[in-house]
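Visitor: Please take a close look at one antiparallel sheet in this model, strand by strand. Then set that sheet against the rest of the chain.

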Amino acid sequence: MAKKRITGGIAIVAALAILGTPGMALAAPSGTDTYVEGVNVTPTQILKASSPVELTYTYGASDQKSSVVSFEIPTPLVYNADSIKLDADNLLAGSLQITLVGRAFDTDTDGDNWDGSFYRVSYQTVPASGAHEYPSTLYFETSRLRVNTVMNDLPITVMNDGALVDTKHVSVKIPGTKPTVINTSVDNGKYADGGAEVAAAHQSGDRESVTFNEKQGIGTIDLMNANQNIIRTSINPAMMSGTVDPTGVRVDATLPYQNSVFKADKPVMAATASGLMFAIQKIDLTQPNLPNIPGITVISSQFTEVGGNYGDPLGNYEVRISTDPATNQTHIEYYLDSLPRDSKLFLVYNQKVENMPSEISGFPDFLGKTSVTWDQMDANTVNEIGTWQTPYRISAASVDTVKSVDKDSIHPGDALNYSFDFTATKDATSFWVSDTIDSRLPIKPESVVSDNAKCVPTVKAETNVVRVDCADLMTGDKVKISVGVDTNKTVDGDKIDNTYYLGTALGFLKGNDVSTAVTAATPPVVPPTTPPVPPTTPPTTPPVTPPTTTVPTNGTSNTDETLAQTGAPAAGPIAAAALALMVLGAVALRRKRNARSAS
């Protein structure tokens, strides 16, 4: 039969637990031409409690054929129904069923022997055109098995339309060591088992001689939002002592290099002045694995923050944030005179990343560890565990993402544009971005543009959401996405905040925030009009007419000359008068000389 291999986006489906009703089956179509092959289970030997297990297989079918695929998994290999996840692109929506068979109740802990009960997992496939195949994976997590537990050849069966396809066997051998006294976890993002991040975490742990709870102690931090970077340390006193309340309990939580305690805007519970949070929860000592009893008593107010130097003695319920001068690392130290065996203590804090640390195999290394000691401590008991985190920009999608807005202040009706800038930091990078924009700013679909064909934006007008799906970016690839919005619905005084979410198959994380303020439009300023002022006419001086002067020249009179007066000396007429006097003088002198000559 010709085969068409189908791949696509991962669709991790959370299990729907349907307890009881053993043997519930789904109707299978008749005359199907389908198959399941290549079944593989990893690991085949369980060496520790809460171990992740993967069952991989390939489902195939001919044109428009479908069937019911089912699995039966012994209960010691399943923590609970919620720990079962199915990754199958051909899953018919709503058809996944999980049933507990052979046991009247669910439990997360199993004893030394299998009682024959199992979880049945089944789902209907979706018919598709042409011959096709779907690589698929069933994930589950083993019970919190007790120490010294040994069970051989637990059978996992795989069936297609009720017909047995394959049986795989898994053995359990839990060594006889004491349980870890403390458990440290990160709340922001977890990594898939066997991933590069987990390998980098173990490399860091080897260097610092610490171990990790892989399920909880390896995760992400958000460089843009310290409110997301929550660390929890829990202490189970029943594991410290089999008979008495532990006394002299001292805890030292060491933050990664140059990280500090951050006081959250909205702490998860009541906090001390510096942002430390404490809680205590009752546990049921009569049940295996000491399950929690619902209800939490907040006791942050009972702890008193004190000063002093790192390592100084502390009194009962005293806590100190200090810096070790030898390492320059921040420590949270706290002390209790006595811790009741029927209560679990939690220390919770938010950490702020002060700088980027060195990289381990391409992943920035944020390594913290927590240790606990007490008076009755057994020298062989594990009392130190680590947390390892890497920034979300690498862990979530191997891409740097930044959102920006072109104006931090607008008037109603102004143009406003949001932008996303992506830069891939690894090859074959795929991710999605989702941005729900405020309803006061309707998206203009025609304005949504990508400058790279590998990133495709789509708009959901009814919810005012823009989503960008990027696939197969290579290292160094850059992408810009532009999104225009309509601001006509805004009013004076509005403050429009916006963020986005970045996601992959690992989960999703919050991006950076941007904000725009809205102010009322004001009319343009028109300068006041000043009436024109007529020019000032300087006063005029009437002309002065000098007296008429008649100068006889050789018995002839000159005509009258009028001199205009402008306020300046009349230089021309004066010179003419002086010339006339000189001529008269010369005439008189000549007559006198002539008279002398005649005599």
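Guide: Two strands count as paired if DSSP finds at least two bridges between them. Strands themselves are DSSP runs of E with at least two residues, numbered from the N terminus. The model is a predicted one.

The sheet in question is open and has four strands, in the order β28-β30-β35-β32, with antiparallel pairing. At its edges stand β28 and β32 (449-450), each with a single partner strand, so one side of each has no neighbour in the sheet.

Take the pairs in turn. Strand β28 covers residues 399-405 and runs antiparallel to β30, residues 416-424, with seven bridges joining them. V405 has Y418 of β30 as its bridge partner. On the next step across the sheet, β30 pairs with β35 (residues 478-485) through eight bridges, again in the antiparallel sense. Two positions fix the register here: S419 lies opposite S482 of β35, and F420 has I481 of β35 as its bridge partner. In a regular strand, side chains alternate between the two faces of the sheet. The last pair is β32 with β35, antiparallel, over two bridges. In that pair V449 stands opposite S482 of β35. S482 is thus a point of reference for the sheet, because it faces S419 of β30 and V449 of β32 within paired strands.

Now the setting. The chain contains four helices and 41 strands. Of its 599 residues, 41% count as buried. Among contacts with a separation of 6 or more, 73% join residues that are 24 or more positions apart.

A second open sheet has seven strands in the order β14-β27-β26-β16-β22-β21-β20, and its pairing is mixed. Its edge strands are β14 (218-221) and β20 (304-305), each of which pairs on one side only. Inside this sheet, β26 and β27 run antiparallel and are joined by six bridges; L367 has W388 of β27 as its bridge partner. The loop between β19 (292-298) and β20 holds Q302. Q302 is partly exposed, at 42% relative accessible area. Its C-alpha lies 9.6 Å from that of N316, which is 14 residues away in sequence.

Strands of the seven-strand sheet also reach an enclosed space. Rolling a probe the size of a water molecule over the atoms shows where empty space is left. The structure has one cavity of 30 Å³ or more, and the volume of the largest cavity is about 50 Å³. At least two lining residues come from each of β16 (247-254), β23 (343-352), β26 (366-373) and β27 (384-391). The greatest share is from β26, with three residues. The lining includes A253, T254, Y349, Q351, G368, K369, T370, T387 and Q389. By class, four of the lining residues are nonpolar, seven are polar and one is charged.

The largest nonpolar core draws on other strands. In soluble globular proteins, nonpolar side chains tend to be buried together. This core has 37 residues, and those with the most contacts inside it are L55, Y57, F71, L77, Y123, L138 and F140. Each of β3 (34-42), β5 (52-61), β6 (68-74), β8 (97-101), β9 (118-124), β10 (132-141), β11 (150-160) and β12 (163-173) supplies at least two of its residues. The largest contribution is that of β5, with five residues. F71 shows how such a position is surrounded: leaving out residues up to four places away in sequence, F71 touches L55, Y57, Y119, R120, V121, Y123, L138, T157 and V158.

To return to the part requested: the sheet runs β28-β30-β35-β32, joined by seven bridges between β28 and β30, eight between β30 and β35, and two between β32 and β35.

Note on methods
Residues numbered from 1 in each chain as written. Predicted model: local features only at pLDDT ≥ 70, side-chain atom pairs only at ≥ 80, totals over all residues. Heavy atoms only, no water. Core = buried A, V, L, I, M, F, W, Y, C linked by side-chain atoms within 4.5 Å. Buried < 20%, exposed > 50% of the residue type's maximum accessible area, 1.4 Å probe, protein only. Contact = heavy atoms within 4.5 Å. 1 Å grid on protein atoms, 1.4 Å probe; cavity = no way out; pocket = protein on both sides within 12 Å on 5 of 7 lines; lining within 4 Å. Points joined across faces, edges and corners; volume = space filled by probe spheres on them. Nonpolar A, V, L, I, M, F, W, Y, C, P; charged D, E, K, R; others polar.
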